[in-house]
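Below are my comments on the model you sent, set out as numbered points. Please read them with the structure open.

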Amino acid sequence: MSKTAAITLAPSSTLFGRLLASIDRLLMKSAEISNRNGDLPRFGL
């Protein structure tokens, strides 16, 4: 028998939670692109 436990995180089911997750993904993608180009991100943090 395995002694490991799996933790499942509940997905954000609310419209506001999905909106915040989309904005977060957009900001993170923009920061990754800016970092790859050697620039500082224009927005974020």
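1. Secondary structure. The protein has one helix and zero strands. This is a predicted model, and the comments that follow should be read as comments on a prediction.

2. The helix. H1 runs over residues 15-37. Its 23 residues reach 33 Å from the first C-alpha to the last, which is close to the 33 Å expected at 1.5 Å a residue. Just after H1 comes Gly38, whose phi is positive, at about 85°.

3. The segment before H1. Thr14 is found here. A polar atom of the Thr14 side chain lies 3.1 Å from the backbone nitrogen of Gly17. Is Thr14 buried, exposed or partly exposed? Its relative accessible area is 47%, and because buried means under 20% and exposed means over 50%, Thr14 counts as partly exposed.

4. Burial and surface. Of the 45 residues of the protein, 4% count as buried. The protein exposes about 4700 Å², and 63% of that area is supplied by carbon and sulfur atoms.

5. The nonpolar patch. Which residues form a nonpolar patch on the surface? They are Phe16, Leu19, Leu20 and Ile23, and together they have about 400 Å² of accessible area. One of them, Leu19, has its place in helix H1. Leu19 is partly exposed, at a relative accessible area of 48%. Patch members need over 30% relative accessible area, a cut-off that the 48% of Leu19 satisfies.

6. The salt bridge. How many salt bridges does the structure hold? There is one, and it joins Glu32 to Lys29, with the closest N and O atoms 3.6 Å apart. The cut-off for such a pair is 4 Å. Side chains of opposite charge can pair when their charged atoms come close.

7. Placement of the pair. Where do Glu32 and Lys29 lie? Both are in helix H1, three residues apart, or about one turn of the helix. An α-helix has 3.6 residues a turn, so residues three or four places apart point the same way.

8. Exposure of the pair. Both partners of the salt bridge fall in the partly exposed class: Glu32 has a relative accessible area of 39%, and Lys29 has a relative accessibility of 47%. Neither value is under the 20% that would make a residue buried, so the salt bridge is formed by two partly exposed residues.

Methods:
Residues numbered from 1 in each chain as written. Predicted model: local features only at pLDDT ≥ 70, side-chain atom pairs only at ≥ 80, totals over all residues. Heavy atoms only, no water. Salt bridge = Lys/Arg side-chain N within 4 Å of Asp/Glu carboxyl O. Helix = DSSP H or I, 4+ residues; strand = E, 2+ residues; numbered from the N terminus. Buried < 20%, exposed > 50% of the residue type's maximum accessible area, 1.4 Å probe, protein only. Expected span 1.5 Å × (residues − 1). Areas by Shrake-Rupley, 256 points an atom, 1.4 Å probe, with all protein chains shown as cover. Patch = residues over 30% accessible without salt bridge, like charges linked within 9 Å, V, L, I, M, F, W, Y side chains within 5 Å. Polar contact = N/O pair within 3.5 Å; in protein donor to acceptor, adjacent residues only side chain to side chain.
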